[in-house]
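Here is a short tour of a protein model, from its overall plan down to a few individual residues. Please have the viewer open as you read.

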Amino acid sequence: NTDSVPLCYPFLPQKKICKDIFLKKNIFIPTYWKRSIDTNNKKFSFEYFFSDTLLPLPIDQRHTINDLEKIILIIKDLL
């Protein structure tokens, strides 16, 4: 559908990147499926890894090109 707009860009880095780094720069990165992280018996499961490592990068209509470039620079610095 051409009217559809993605909620985020699901970036899955090879190593975990702490979301606090983004938050300190006023960029909120949500955590989806937090229950997978909170459930200790699934610590080694795919769901845990996915929920803990995935960075759903914001790309909605509220963000400007400058906002997106700021996110890109942060990621480049961390990789």
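## Overall picture

Of the protein's 79 residues, 30% count as buried. Please bear in mind that this is a predicted model. The protein has four helices and two strands, and read from the N terminus the elements follow the order β-α-α-α-β-α.

About 6,200 Å² of the protein is exposed, with carbon and sulfur atoms supplying 57% of that area. As for contacts between residues at least 6 apart in sequence, 69% of them join residues at least 24 apart.

## Confidence

The mean pLDDT of the protein is 83, and 86% of the residues reach 70 or more. Where is confidence lowest, and where is it highest? The lowest mean, 68, belongs to α2, while α1 has the highest, at 91.

## The nonpolar core

Let us turn to the interior. The largest nonpolar core has 10 residues: Phe11, Ile17, Phe22, Ile27, Ile29, Leu55, Leu57, Ile71, Ile74 and Ile75. Two elements, β2 (55-58) and α4 (65-78), each give two or more residues to this core. The largest share comes from α4, which supplies three residues.

Leucine 57 is a good member of this core to select in your viewer. Leaving aside residues up to four places away in sequence, leucine 57 touches Cys8, Tyr9, Phe11, Ile29, Ile71 and Ile75. Among these partners, Phe11, Ile29, Ile71 and Ile75 are themselves listed in the core.

## Cysteine 8 and its partners

One of the partners of leucine 57 is Cys8, which sits in strand β1 (residues 8-11). How far apart are cysteine 8 and leucine 57 in sequence and in space? They are separated by 49 residues along the chain, yet their C-alpha atoms are 5.2 Å apart.

Is cysteine 8 buried or exposed? Its relative accessibility is 19%, so cysteine 8 counts as buried, given that the cut-off for buried is under 20%. With residues up to four places away in sequence again left out, cysteine 8 touches Tyr32, Pro56, Leu57 and Ile59.

## A single salt bridge

A search of the whole structure turns up one salt bridge. The side chains of lysine 16 and aspartate 52 form it, with an N to O distance of 3.0 Å. This pair links distant parts of the chain, 36 residues apart: lysine 16 lies in the loop between β1 and α1, and aspartate 52 lies in helix α3. Aspartate 52 has a relative accessibility of 17%, so this residue counts as buried.

## Features at the surface

Helix α3 (residues 46-53) also holds phenylalanine 46. Because its relative accessible area is 57%, phenylalanine 46 is exposed, the cut-off for exposed being over 50%. Phenylalanine 46 belongs to a nonpolar surface patch with Leu12 and Phe49, and together the three have about 300 Å² of accessible area.

Asparagine 26 is worth a look in a Ramachandran plot. This residue lies in the loop between α1 (20-23) and α2 (34-38), and its phi is near 60 degrees, a positive value in a residue other than glycine. Is asparagine 26 buried or exposed? Its relative accessibility is 72%, so asparagine 26 counts as exposed.

Terms used:
Residues are numbered from 1 along each chain as its sequence is written. This is a predicted model: local features need pLDDT of at least 70, side-chain atom pairs count only at pLDDT 80 or more; totals for chains, interfaces and linings use all residues. Side-chain values use heavy atoms; hydrogens and water are left out. Buried means under 20% relative accessible area, exposed over 50%, partly exposed in between (1.4 Å probe, protein chains only). Patches are made of residues with over 30% relative accessible area and no salt bridge: like charges are joined within 9 Å, nonpolar side chains (Val, Leu, Ile, Met, Phe, Trp, Tyr) within 5 Å. Accessible areas come from the Shrake-Rupley method with a 1.4 Å probe; for residues, only the protein chains shown count as cover. A salt bridge is a side-chain nitrogen of Lys or Arg within 4 Å of a carboxyl oxygen of Asp or Glu. pLDDT is the predictor's confidence in each residue, from 0 to 100. A nonpolar core is a set of buried Ala, Val, Leu, Ile, Met, Phe, Trp, Tyr and Cys residues joined through side-chain atoms within 4.5 Å. Contact means heavy atoms within 4.5 Å.
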